[in-house]
Amino acid sequence: FRAIDDPNVKQVTLKFSAQMAKTEVELNCLGKWIHQDPSPILFVQPTDEMAKSFSKERVDPMIRDTPVLREIFKDSNKRNSGNNISHKMFPGGYVAFVGSNSPSKLASRPVRRVLFDEIDRFPLSTGDEGDPIALAKNRTKTFYNSQVVMVSTPTTEINSKIHKSYLSSTMEEWHTPCPSCEELQPLEWER
């Protein structure tokens, strides 16, 4: 997870099994960036409906329950704050929640960071615009310090976007200390 904080790393791929805290990693990234390194951020879910639900059910409670974020967003309930379910403004930036099925929203603004959630559920093409991942990544071109975080539970290896992204990465694995000898090793079910 240190790679996400490394300014020399432009893309991080997190390929996890289901219910293994992938979304918590994304929420922690989002909260940290809003608080410590604000910028324009695009958070892409499989559909617009899922993006709205995610904002409402996961991000709003995070803001409410985190004192430093609650202070940053204290004026968000005002009518002219620019904040709603799909778009949250904060000093130095904003986060826009969009679906991979919405080409106009994916291509409408320059952003420094993109968080992709559950990319294996994205369509192959967004209308006539092409690959939604490529479309959103193009939004980062104007930032020399851009970052992309791609997260998903893999589907089948043949069709899995997250697996392909993982194969084009350094393919690092989370290591945990052995309970007997303390040597770091990948966590495997057999052990």
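Buried here means under 20% relative accessible area, exposed means over 50%, and partly exposed covers what lies in between. Keep that scale at hand as you move through this predicted model.

**Stop one: Arg-112.** Select Arg-112 to begin. Its relative accessible area is 10%, so Arg-112 falls under the 20% limit and counts as buried. Look for it in the loop between helix H5 (103-106) and strand S5 (113-117).

**Stop two: Asp-37.** Now add Asp-37 to the selection and show both side chains. They meet in a salt bridge, with an N to O distance of 3.1 Å. Asp-37 sits in the loop between helix H2 (22-36) and strand S2 (40-45), and the bridge links distant parts of the chain, 75 residues apart. Is Asp-37 buried or partly exposed? With a relative accessible area of 30%, Asp-37 is partly exposed.

**Stop three: Arg-113.** Keep Asp-37 on screen and select Arg-113. Here is another salt bridge to Asp-37, at 2.7 Å from N to O. Arg-113 belongs to strand S5 while Asp-37 is in the loop between H2 and S2, so this pair ties together parts that are 76 residues apart in sequence. Arg-113 is buried, at 2% relative accessible area. Show Asp-37, Arg-112 and Arg-113 together and you have a network of salt bridges.

**Stop four: Phe-143.** Leave the charged side chains visible and select Phe-143, in the loop between helix H6 (132-137) and strand S6 (147-152). Which residues does Phe-143 touch, leaving out those up to four places away in sequence? They are Pro-40, Pro-110, Val-111 and Arg-112, so Arg-112 brings you back to where the tour started. For a distance to check in the viewer, try the C-alpha atoms of Phe-143 and Val-111: they are 7.5 Å apart in space, and the two residues are 32 apart in sequence. Phe-143 is partly exposed, with a relative accessible area of 25%.

**Stop five: Glu-118 and Arg-121.** Finally, select Glu-118 and Arg-121. These two form a salt bridge, and their closest N and O atoms are 2.9 Å apart. Compare the surroundings of each partner: Glu-118 counts as buried at 15% relative accessibility, whereas Arg-121 is partly exposed at 48%.

**Before you close the viewer.** How many salt bridges does a search of the whole structure find? The search finds seven, among them the bridges from Asp-37 to Arg-112 and from Glu-118 to Arg-121.

Technical notes: Residues are numbered from 1 along each chain as its sequence is written. This is a predicted model: local features need pLDDT of at least 70, side-chain atom pairs count only at pLDDT 80 or more; totals for chains, interfaces and linings use all residues. Side-chain values use heavy atoms; hydrogens and water are left out. A salt bridge is a side-chain nitrogen of Lys or Arg within 4 Å of a carboxyl oxygen of Asp or Glu. Helices (H or I, at least four residues) and strands (E, at least two) are DSSP runs, numbered from the N terminus. Buried means under 20% relative accessible area, exposed over 50%, partly exposed in between (1.4 Å probe, protein chains only). Contact means heavy atoms within 4.5 Å.
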